[in-house]
Amino acid sequence: EPIITFEKVNKWYGNNFHVLRDIDLQVAQGERIVVCGPSGSGKSTLIRCINRLEEHQQGRLVVDGVELMDDVKAIDQVRKKVGMVFQQFNLFPHLTVLENLTLSPMWVGKLPKKEATEKALLQLERVRIAEQADKYPLQLSGGQQQRVAIARALCLTPKIMLFDEPTSALDPEMIKEVLDVIVEMAGQGITMVCVTHEMGFAKAVADRVIFMDQGQILEQNNPNDFFNHP
Ligand code: ADP
Ligand code: ADP
């Protein structure tokens, strides 16, 4: 039983911009998928459909047993299972690093404060940023901020992690520290779908590389075969 299933999924923006065309995709539990392809090909839209930041109009999409329809309950259910990390870190600038985790909208009121703090610190340690817990995001480097965003997503112990070009907004010298954290996470069995142009990273962690163009999946293969094209 795949943890994510797309069956003939189609999506349009407005009435006539066909952004996802007959997407068929199954992701196994624990599988690590890298999605690549030219800018504007629909990569971001594809992964945003998984946690309902975008809605498809046709076809079937099932995430960990939840059928995604225009159903508020399905959105809530799926967002508990799916963590997401964006290109722009999307941290709250007026909250400390620790508060960005403990006061995350997904969390507020759900855990006693002490427990939330302990859990948050654990995740900050996991991305090696716990010593910055009391700083504000803008006092940190881009790489550090992105690691905080990753820790925040991990607080929900998601079954699936989505990454939307997690290193594209970073200075080159910070890319590695973020990729290293994701590589570590990949080794711990979490299902991940990552949109990225970092092909070295894809080779190192992907079980499967998917190439999209103009809203279609044109190719999917293991990284060895994918990158050894004639
Ligand atoms: P990629 O991630 O591959 O760069 P996107 O999924 O972000 O591609 O976008 C695919 C296409 O859809 C682009 O042409 C983009 O401009 C368009 N698009 C994205 N979001 C919207 C939106 N909310 N409304 C209309 N068009 C959009
Ligand atoms: P990315 O390429 O990183 O996915 P974009 O710059 O394409 O980001 O999009 C940023 C935001 O603007 C997204 O929320 C996307 O849905 C929206 N967007 C992108 N293209 C369009 C468009 N043509 N019309 C309306 N909204 C768009």
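This report describes the ligand shell, the salt bridges and two unusual backbone angles of a predicted model.

**The shell around ligand 1**

Ligand 1 is surrounded by Tyr-13, Phe-17, Val-19, Pro-38, Ser-39, Gly-40, Ser-41, Gly-42, Lys-43, Ser-44 and Thr-45. By residue class, this shell divides into four nonpolar residues, six polar ones and a charged one. Among the contacts to oxygen atoms of the ligand, a polar side-chain atom of Lys-43 lies at 2.7 Å, a backbone N or O atom of Ser-44 at 2.8 Å, and a polar side-chain atom of Thr-45 at 2.5 Å. Ligand 1 exposes 560 Å² when taken alone, and the protein buries 58% of that area. Two elements, strand E2 and helix H1 (43-50), each give two or more residues to the shell. Of the elements, H1 gives the most, with three residues.

**Salt bridges**

Across the whole structure, 13 salt bridges are found, and three of them are set out in the table below with the separation of their closest N and O atoms.

| Acidic residue | Basic residue | N to O distance |
|---|---|---|
| Asp-24 | Lys-8 | 3.1 Å |
| Glu-67 | Arg-60 | 2.7 Å |
| Glu-184 | Arg-128 | 2.9 Å |

In the bridge between Asp-24 and Lys-8, Asp-24 belongs to strand E2 and Lys-8 to strand E1 (residues 4-13), so that the pair ties together parts that are 16 residues apart in sequence. Asp-24 is partly exposed, at 36% relative accessibility, and Lys-8 is likewise partly exposed, at 46%.

The side chains of Glu-67 and Arg-60 meet at 2.7 Å; Glu-67 has a relative accessibility of 31%, which counts as partly exposed, and Arg-60 falls into the partly exposed class with 36%.

The bridge between Glu-184 and Arg-128 joins helix H6 (residues 172-186), where Glu-184 lies, to the loop between H4 and H5, where Arg-128 lies, so this pair ties together parts that are 56 residues apart in sequence. Glu-184, at 34% relative accessibility, counts as partly exposed, as does Arg-128 at 40%. Salt bridges that share partners also join Glu-7, Arg-60 and Glu-67 into one network, and the bridge between Glu-67 and Arg-60 has already been described above.

**Positive phi angles outside glycine**

Asp-22, although not a glycine, has a positive phi of about 45°. Asp-22 is found in strand E2 (residues 17-27), the strand that also holds Asp-24 of the bridge to Lys-8 and that gives two or more residues to the shell around ligand 1. With a relative accessible area of 45%, Asp-22 is partly exposed, because this value lies between the limits of 20% for buried and 50% for exposed residues.

Arg-128 is another residue other than glycine with a positive phi, here near 55°. Its place is in the loop between helix H4 (113-126) and helix H5 (142-154). Arg-128 thus appears in two parts of this report, as a residue with a positive phi and as the partner of Glu-184 in a salt bridge.

Methods: Residues are numbered from 1 along each chain as its sequence is written. Chains are lettered from A and ligands numbered from 1 in the order in which they are written. This is a predicted model: local features need pLDDT of at least 70, side-chain atom pairs count only at pLDDT 80 or more; totals for chains, interfaces and linings use all residues. Side-chain values use heavy atoms; hydrogens and water are left out. Helices (H or I, at least four residues) and strands (E, at least two) are DSSP runs, numbered from the N terminus. Buried means under 20% relative accessible area, exposed over 50%, partly exposed in between (1.4 Å probe, protein chains only). A residue is near a molecule or strand if one of its heavy atoms lies within 4 Å of it. A polar contact is a pair of N or O atoms within 3.5 Å; within protein, one must be able to donate a hydrogen and the other to accept it, and residues adjacent in sequence count only if both atoms are side-chain atoms. Accessible areas come from the Shrake-Rupley method with a 1.4 Å probe; for residues, only the protein chains shown count as cover. Ala, Val, Leu, Ile, Met, Phe, Trp, Tyr, Cys and Pro count as nonpolar, Asp, Glu, Lys and Arg as charged, and the others, Gly among them, as polar. A salt bridge is a side-chain nitrogen of Lys or Arg within 4 Å of a carboxyl oxygen of Asp or Glu.
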